[in-house]
Amino acid sequence: ALEKERAASKRSYSVIEQSICALKLQSTKDVGGMGQMHRLIVAALLTKTGQSTQNEVYQKEVAASLESVLPRANLHAFTSLAYSDKRDRLIDLHHYVLGIRLFNKA
């Protein structure tokens, strides 16, 4: 049962990751696109840790941690990266955000 849950979580993360890597913002003023990218990154980080993307407390916690690592103003630079670079940065973001969340819990 646990293996099935992990596999499902991995598939969900993969779909979100592909959406993030495929999304391109039209300009630095594309507020809707930046909001969508931010939501996708938060969902990816929650999914990667096996937490519910529907839990508002977790969403706020991850969003606050993410903001200190990747402010919304810098999302355009993130979206302009190549696919593989975005995937690598997403892994880095996961580690940084998880570290911040653990530090804040201590």
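How many residues apart in helix H5 are Arg89 and Asp92, and about how many helical turns separate them? They sit three residues apart in H5, which means about one helical turn lies between them. The two also form a salt bridge, with their closest N and O atoms 2.9 Å apart; a salt bridge here is a side-chain nitrogen of Lys or Arg within 4 Å of a carboxyl oxygen of Asp or Glu. Helices (H or I, at least four residues) and strands (E, at least two) are DSSP runs numbered from the N terminus.

A word on the ground rules. The model is a predicted one, so local features need pLDDT of at least 70 and side-chain atom pairs count only at pLDDT 80 or more, while totals for chains, interfaces and linings use all residues. Residues are numbered from 1 along each chain as its sequence is written, and side-chain values use heavy atoms, with hydrogens and water left out.

Back to the charged pairs. Side chains of opposite charge can pair when their charged atoms come close. The salt bridge count comes to four. Arg89, at a relative accessible area of 35%, is partly exposed, and Asp92 is partly exposed too, at 26%. The cut-offs are under 20% relative accessible area for buried, over 50% for exposed and partly exposed in between, using a 1.4 Å probe and protein chains only.

Glu61 takes part in a network of salt bridges with Arg101 and Lys105. The side chains of Arg101 and Glu61 meet at 2.7 Å, N to O. That pair links distant parts of the chain, with Arg101 in helix H5 (residues 83-105), Glu61 in helix H3 (residues 56-69) and the two positions 40 residues apart. Lys105 forms a salt bridge with Glu61 as well, the closest N and O atoms being 3.2 Å apart. Here again H5 is linked to H3, this time across 44 residues. The two basic partners sit in contrasting surroundings: Arg101 is buried, at 7% relative accessibility, whereas Lys105 is exposed, at 61%.

Helix H5 itself has 23 residues and reaches 33 Å from its first C-alpha to its last, close to the 33 Å expected at 1.5 Å a residue; the expected span is 1.5 Å times one less than the number of residues. Its buried residues include Lys86, Leu90, Leu93, His94, Val97 and Arg101. The cover over the buried residues of H5 includes helix H1 (2-22), H2, H3 and helix H4 (75-79).

Next comes the nonpolar core, meaning a set of buried Ala, Val, Leu, Ile, Met, Phe, Trp, Tyr and Cys residues joined through side-chain atoms within 4.5 Å. The largest one has 22 residues, and those with the most contacts inside it are Ile20, Ile41, Leu66 and Leu93. H1, H2, H3, H4 and H5 each supply at least two residues of this core, and H2 gives the most, with nine. Leu93, in helix H5, is buried at 6% relative accessibility. Not counting residues up to four places away in sequence, Leu93 touches Ile41, Leu45, Leu66, Val69, Leu70 and Phe78, where contact means heavy atoms within 4.5 Å. Leu93 and Ile41 are 52 residues apart in sequence, and their C-alpha atoms are 8.9 Å apart in space. Ile20, with neighbours within four places in sequence set aside, is in contact with Met37, Leu40, Ile41, Ala44, Phe78, Lys86 and Leu90.

Helix H2 (residues 31-48) has 18 residues and reaches 26 Å from first C-alpha to last, close to the 26 Å expected. H2 is largely enclosed by the rest of the structure because 13 of its 18 residues are buried. Thr47, in H2, is buried at 9% relative accessibility. Leaving aside neighbours within four places in sequence, Thr47 is in contact with Ser9, Ser12, Tyr13, Ile16 and Thr53. Tyr13 turns up again with Lys48, whose charged end sits over the Tyr13 ring, 4.7 Å from its centre. For that, NZ of Lys or CZ of Arg must be within 6 Å of the ring centre and within 35 degrees of the ring normal. After H2 comes Gly50, with a positive phi near 80°.

Finally, a loop residue. Asn74 lies between H3 and H4 and is partly exposed, with a relative accessible area of 38%. Asn74 and Met34 are 40 residues apart in sequence, yet 9.4 Å apart in space, C-alpha to C-alpha.
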